[in-house]
Amino acid sequence: MASRPSTAMMFAAVGCIGLGFGLGSIVDRGGRLNADPSPTRPNDPDRILEPAGLDHSDEAIYQSLARQYEQFYQVNRTFELVSKVVSRTVVHIVAVKRAEEQEGRTRRTFEESGSGVIVQSSIRPGLFVLTNNHVISGADPDNIQINLHDGRVLRPKAIFRDEDSDVAVLELPVNDLPSARLGDSDEAVPGTWVLAVGSPFGLTHSVSQGIISARGRQERDLYESGVHNQDFLQTDAAINPGNSGGPLVNLRGEVIGINTAIASHGGGNEGVGYSIPINLARWAMDQLITTGRVRRGAIGISLQDIFPEDYERYGLDRPRGTRISAVAEDSPAKSSGIQKGDVIVRFNGIQVNNTWHLINMVSTTPIGQSVELVVKRNGSEVSMKVEVADFEELTAKLPQIPTRNLSPEGYLVRP
């Protein structure tokens, strides 16, 4: 979205699809790869053999291309159908904001733009636009314009926002619009083909193509700007300024992420984009439209990452888990016997990858639920039960969670 250069973190989507099988390989009519395409194959009906020095007939080449295209038709058609069904649900958002006072004066208003996707919730009837908080933060409902695929312009009936997850929900005043299907982001493994849809540079309903490059990414710059729930999907689908809040979609046409940031030295797409997993975004959305806020779980501990140079001293086979640097008094952790210096390696049967991984698992656990923690203590594994409490009731007792060495500095951009 278009934003002030000093505060912007950018999003975008424009893309191309490239399908190839590598040098020295061709596809025969049966769809098989042939690594040794001999120039003298007499039985290949698509091969154009002419005396040396004569140009190929254009018509013959086009006929050959048509036959070759049949090999890729189903893949091409899949991209067409996904783009068609999802684009109808994607909106272009323009928010008019006013800068904070500086030296006793208030700067004039300015516009920021981004994207969003129309969805439904199983918690409450109606239609909602799911987007990023930073797209609409600081704008009143009357100053937010939602531009639909069919050309109509709407104002949100209500706004719900959560800074910690960078999720915002705009309730729509109408119910006659198509909505996107939400998928399961846990199924989005590296290598999964995806499309990003949005309004890069104001070019509405642009589609780009790529894959899921990695999972479980975190960024220090985003943490320092207030985004504390981080478990990003990384993608190389082209994301540029204006794609913030737009959907990341699998080839079933299901939304599996909300595009939120790019890692870039120049402010544009360099092949590393980040999306909020839809399971996390949906969790935040359902709470927002039900209670107006997001309640997060906590157990009353402060954490430190396990760095590569430290893991052996904690009895680990590789850098994993997270180390407890403090335990709050009168907290569930204290009551369950958790101690400073313990290294949490499993949470409710799931191996803990790092500090952020545990934070997200604890945050999204229902408050009051009892879970099993397995910790490394003095070289041995110790199992214990702990009840998840409300984060807001415990956070004041804890020191700030360390965030050093989470990412290189100075290159993350958000529109």
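Ile 61, Tyr 62 and Leu 65 make up a nonpolar patch on the surface of this predicted model. Together they have about 320 Å² of accessible area. Tyr 62 sits in helix α1, which covers residues 58-69. Its relative accessible area is 58%. Exposed means over 50%, so Tyr 62 counts as exposed.

Now turn to the sheet. Seven strands build it, and the sheet is open. Their order is β9-β8-β3-β6-β7-β11-β10, with antiparallel pairing. Strands β9 (153-154) and β10 (158-162) stand at the edges. Each has a single partner strand, so one side of each lacks a neighbour in the sheet. What holds such strands to one another? Strands of a sheet pair through backbone hydrogen bonds.

Follow β3 next. This strand spans residues 90-98. In the sheet order, β3 stands between β8 and β6. With β6 (residues 109-119), β3 pairs in the antiparallel sense over nine bridges. With β8 (residues 144-147), the pairing is also antiparallel, over four bridges.

Ala 95 shows both pairings. Its bridge partner in β6 is Glu 112. In β8, its bridge partner is Ile 144. Elsewhere, Arg 98 stands opposite Thr 109 of β6.

Is β3 mostly covered or mostly open? Seven of its nine residues are buried, so the strand is mostly covered. Buried here means under 20% relative accessible area.

Finally, look at helix α5, residues 278-291. This helix lies across β6, β7 (128-132), β10 and β11 (167-171). Helix α5 runs at about 50° to β11.

Definitions and conventions:
Residues numbered from 1 in each chain as written. Predicted model: local features only at pLDDT ≥ 70, side-chain atom pairs only at ≥ 80, totals over all residues. Heavy atoms only, no water. Patch = residues over 30% accessible without salt bridge, like charges linked within 9 Å, V, L, I, M, F, W, Y side chains within 5 Å. Areas by Shrake-Rupley, 256 points an atom, 1.4 Å probe, with all protein chains shown as cover. Salt bridge = Lys/Arg side-chain N within 4 Å of Asp/Glu carboxyl O. Helix = DSSP H or I, 4+ residues; strand = E, 2+ residues; numbered from the N terminus. Buried < 20%, exposed > 50% of the residue type's maximum accessible area, 1.4 Å probe, protein only. Pairing = 2+ DSSP bridges. Contact = heavy atoms within 4.5 Å. Axes fitted to C-alpha atoms, helices over the stretch in contact; angles between N-to-C directions.
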